[in-house]
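Here is a short note for a colleague opening this entry for the first time. Please keep the sequence and the 3D view side by side while reading.

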Amino acid sequence: MHRRFFAILGLLVGLLVGLCALAPAAGAAPKSAAKAAAKHRVVFQVNEDDSRKWNTILANINNVQEELGRVEITVVAIGPGLGMLKADALTANGVQDAMAAGVRFVACGNTMKSLHLTKDDMIDGIAYARAGYVEIMRLQKLGHAYLRP
């Protein structure tokens, strides 16, 4: 009888040890969550009609990517800053290069409407938001750092 008891006890202890080894540590984040938390996100606001400022923002984007590697970057152009995303802008090539590197550019729909601009006036491939400031707020809520150079 004692033999049977110790055999069953040994089996239960073995199962318990095996289950503990398979279970994640208490408080440990799943690998996918840890990976997501390590990813950097940033949103740049552009609201000035100044091509020097636009080039500075493109340089800042490059600096962030060089320092941190792959970063989720969005640039939201609002008001006079919308000129940065026009097809005939001095920065159009720089914007397209940044887009090729994974940067997302968003034009404010309210500004486009007030300036009577259409998508045909803008750089191909950019995104559009009904309200630029709301897009910035949405991105901040999703964990994007806010930068306004």
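The points below go from the overall layout to one strand and then to the nonpolar cores.

1. **Overall layout.** This is a predicted model. The protein has 6 helices and 5 strands. Along the sequence they follow the pattern α-α-β-α-β-α-β-α-β-α-β.

2. **Burial and surface.** The protein has 149 residues, and 31% of them count as buried. About 9,800 Å² is exposed. Carbon and sulfur atoms supply 59% of that area.

3. **Contacts across the sequence.** Take the contacts between residues at least 6 apart in sequence. Of these, 72% join residues at least 24 apart.

4. **Strand β1.** Is this strand enclosed or open to the outside? β1 covers residues 41–46, and 5 of its 6 residues are buried, so the rest of the structure largely encloses it. "Buried" here means under 20% relative accessible area.

5. **The partners of β1.** Which strands pair with β1? One is β2 (residues 72–77), parallel to β1 and joined to it by 6 bridges. Within this pairing, Gln 45 of β1 stands opposite Val 76 in β2. The chain gets from β1 to β2 through helix α3 (residues 51–68), and this β-α-β crossover is right-handed. Another partner is β5 (residues 145–147), which also runs parallel to β1, with 3 bridges. There, Phe 44 has Leu 147 in β5 as its bridge partner.

6. **Main core.** In soluble globular proteins, nonpolar side chains tend to be buried together. Here the largest nonpolar core has 27 residues. Phe 44, Ile 61, Ile 73, Met 84, Leu 85, Phe 105 and Met 122 have the most contacts inside it. At least two residues of this core come from each of β1, α3, β2, α4 (92–100) and β3 (104–108). Which element gives the most? It is α3, with 5 residues.

7. **Phe 105 in close-up.** Phe 105 is among the residues with the most contacts inside the largest core. Set aside its neighbours within four places in sequence, and Phe 105 is still in contact with Leu 58, Ile 61, Val 75, Met 84, Leu 85, Val 95, Ala 98, Met 99, Ile 126 and Ala 127.

8. **Second core.** A separate core of 8 residues is also present. Val 43, Val 76, Ile 78 and Ile 136 are among its members. Val 76 is also the residue of β2 that stands opposite Gln 45.

9. **A point on strands.** In a regular strand the side chains alternate between the two faces of the sheet. Please look at β1 with this in mind: Phe 44 belongs to the largest core, while Val 43 belongs to the second one.

Conventions:
Residues are numbered from 1 along each chain as its sequence is written. This is a predicted model: local features need pLDDT of at least 70, side-chain atom pairs count only at pLDDT 80 or more; totals for chains, interfaces and linings use all residues. Side-chain values use heavy atoms; hydrogens and water are left out. Helices (H or I, at least four residues) and strands (E, at least two) are DSSP runs, numbered from the N terminus. Buried means under 20% relative accessible area, exposed over 50%, partly exposed in between (1.4 Å probe, protein chains only). Contact means heavy atoms within 4.5 Å. Accessible areas come from the Shrake-Rupley method with a 1.4 Å probe; for residues, only the protein chains shown count as cover. Two strands pair if DSSP finds at least two bridges between them. A crossover is right-handed if, with the strands pointing away from the viewer, the path from the first strand over the helix to the second runs clockwise. A nonpolar core is a set of buried Ala, Val, Leu, Ile, Met, Phe, Trp, Tyr and Cys residues joined through side-chain atoms within 4.5 Å.
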